[in-house]
Amino acid sequence: MIFVNLPVADLDASMDFYKALGFENNPHFTDETAACMVWSEAIHVMLLTHAKWRTFTNRPIPPASSSEVMLAISLIGRDAVDTMAGAAAANGGTADINPVQDLGFLYSRSLADPDGHVWEAMWMDPAAIPSGDQPG
């Protein structure tokens, strides 16, 4: 399992944003300082208020305009990628913070949550990768 921990300025708004993208809240790990948002059995995102975040580290919280990491999440198709980007834009985030990538076998769109954390919604068909492009 992986738990991605993210500092957020407004816990309720961030929870609403991630719900709109398709994450589900796990109330067993949610209180007024943190919320566990579940993508799958293996992927959980912990949204932490700034005060809660500071109990884990003294490192500064980067401004929303920075990119400390890009988290890619694999979706079932191109339409799902577009749907997630649209949900991001309609729920306090920003879609297409980077150019849309369309390589035929790979389609992705980058989005930012309300705190500037960068996600890449992506779909890939490994069988369609041109033979010269496959790792080997």
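Here are three short exercises on this predicted model, each with a worked solution. Residues are numbered from 1 along each chain as its sequence is written, and side-chain values use heavy atoms, with hydrogens and water left out. Local features need pLDDT of at least 70 and side-chain atom pairs count only at pLDDT 80 or more, while totals for chains, interfaces and linings use all residues.

**Exercise 1.** Work out which parts the pair of Tyr18 and Trp119 ties together.

*Solution.* Start with the pairing rule: rings of Phe, Tyr and Trp (its six-membered ring) pair if their centres lie within 6.5 Å, and planes under 30 degrees apart count as stacked, over 60 as edge-to-face and the rest as tilted. Tyr18 and Trp119 are edge-to-face, 6.1 Å centre to centre with 70° between the planes. Next, place them: Tyr18 lies in helix H1 (residues 11-21) and Trp119 in strand E9 (residues 118-124), so the pair joins parts 101 residues apart in sequence. Helices (H or I, at least four residues) and strands (E, at least two) are DSSP runs, numbered from the N terminus. Finally, zoom out: ring pairs link Phe17, Tyr18, Phe23, Trp39 and Trp119 into a cluster.

**Exercise 2.** Find out whether Tyr18 and Trp119 are buried or exposed.

*Solution.* Buried means under 20% relative accessible area, exposed over 50%, partly exposed in between (1.4 Å probe, protein chains only). Both Tyr18 and Trp119 turn out buried, and Phe17 is buried too.

**Exercise 3.** Look at Asp96 and say where it sits.

*Solution.* Asp96 is in the loop between strand E6 (94-95) and strand E7 (101-102). Its relative accessible area is 31%, so Asp96 is partly exposed.
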